[in-house]
Amino acid sequence: MKIDRRQFVVTLGTAALAGRQLLHATDAPAAGPAVGSALPWHQRVRRVGQLNFNERDPVELDVKAWADTWAELQVDAVLVSVTGILAFYPTAVPFHRRSRWLNGRDLFGECCAALKARGIRVIARFSPDLVWGDALEAHPEWYRRDADGKPVPHPPVPGLYATCPFTSYFTEQTPAIMGEINARYDVDGMFTNAWPSLGELPVCHCAACRNAPPPGTPEFDERHLRRTLELWRLYEAIAREKRPDNLFYGNLGSGIRAQLNARELASVCQWFNCDNQGREGETTPAWACAQQGRVAYSVMRGRTTTNVLGSWATGAIRWRNTAKGRAEATLWMAQTAASGMRVWYHWLGGQTGLGEDHRWPRAGRDFLRWQARHDTHFTYRKAITDLGVVWAQRPNTLYRPPGADPRLRRDAAEFLEGLYGALVEGRFAFDFVHEDDLGAERLRNYRALLLPNVALLSDAQCGQLRAYAEAGGSLLATFETGLYNERGAARADFGLGDLFGIARAGATQGPVANYGSYARVERPHEILRGLEDTSLLPGAEY
């Protein structure tokens, strides 16, 4: 892929509509960490690949061809399935069901050896979120339960059920499989797919969860967070039993709607992986990928962050065995790199990946090999913007816009989405700042700080924002910012009302969904340029 300086700027500039925080000309000439660097290997990773086995791959997969493909794409590490609910090696762990086509073959071991022979690191991929029903009698405690006490099925696959992270499946069965992999294979790390849970936190009625706090409360979120941190430390310790520089990491992501506190997870997380494989529907903007990069950077601050790019056709309907368009794949990879994340290129199934659709490795090869030639520019050291946007997680479970009409599909993150779109389309460079990271040392990097309806603020956070303003920082806040405390309880007035010189005059009215409110233009102003042909404009939603 030949590219000149102008094309290089344009390629990254496309992604930089949503994330100009990678390249910084003011620093001394930068290079990627040198061989022998004091940084651990996983902080030097630039490109990652992933092969998800399907059940017939033990019959059909050409291991040499697959390993050659990853070497050609110049990846530093590849995730290989230990279990995609099925074992792809001759496991001795009870209730770890083997692929019916395994027939004594050690597919995981063969792939591991082939990648190692090419100088590529191997990360063992686990899926602890599902288990077959044949363990129901022996281990009924493993299964997530509905309100009637029945195990929760996984609808696409008969006989497969959801597990509960508060049970011994996560503290005994998963560690048993991890220990077996450590003992048999030369792996460099371990990764759990679908855990921690993406999106809304799972509700369970098993014996371990029967007396748990109800969903939508701070205690419910806190229980899940403490369990996640406990298991993360357990799995990290198991990974390090192999070698001191081995690591464990889980599947994060969820973007601005994440419920588990990302800043606390970052305290134990050496590698933040974002499962953000492509545009999921017609309304997903082209720049959505880099938003996830901002989320991760806000808590990892330059440590390894990856974004999983599905090279298969993502969308509202998924065609998992055919490649997405090259332009779409390239855009997603460029955004990933420009926003500070490392590209993680992902395909599902061995036979379709090489035997039938050859487009996906070509798209990956064009971008990844180009990136490898320019690794010295991808330093990931610091952002260069002086504009910060507060990213608040607690409202995702503890706040709903007042009087919201369910047809409007409003949630707490919609306010941040709106501001984000305005900033991106206005070509502003900006960072996310996590709601729990508002200390003076962090905020001194920013000339201005924007709070898009950060409705929940503690007294301590209000004090930090006052101190920032008193030190010369500029604040912009919208709608109900500071009207509730950190647990979602309403205040009598705005927590920052004194700072802005405002007071609550009465109850909130709206949203005015059907007829709307309006604003009348009474005199010309610079902000109204282009609206000279009307004196009536849409007003506030509330």
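P196 is found in the loop between β6 (189-192) and α6, where helices and strands are DSSP runs numbered from the N terminus, a helix being H or I over at least four residues and a strand E over at least two. A cis peptide bond joins P196 to W195, with omega about -5°. This is a predicted model, in which local features need pLDDT of at least 70 and side-chain atom pairs count only at pLDDT 80 or more, while totals for chains, interfaces and linings use all residues. Residues are numbered from 1 along each chain as its sequence is written, and side-chain values use heavy atoms, with hydrogens and water left out.

A second cis peptide bond and two positive phi values lie in other loops.

| Residue | Backbone value | Loop |
|---|---|---|
| P511 (after G510) | cis, omega about 5° | between α16 (497-500) and β17 (518-520) |
| Q74 | phi about 55° | between α3 (63-72) and β2 (77-81) |
| R427 | phi near 65° | between α13 (414-425) and β14 (431-434) |

The largest nonpolar core has 119 residues, W70, F108 and I181 being among those with the most contacts inside it; such a core is a set of buried Ala, Val, Leu, Ile, Met, Phe, Trp, Tyr and Cys residues joined through side-chain atoms within 4.5 Å, and buried means under 20% relative accessible area, with exposed over 50% and partly exposed in between (1.4 Å probe, protein chains only). To this core α6 gives the most, with 8 residues. A second, separate core of 15 residues includes L443, L449, L451 and V454. Q74, by comparison, counts as partly exposed, at 33% relative accessibility.
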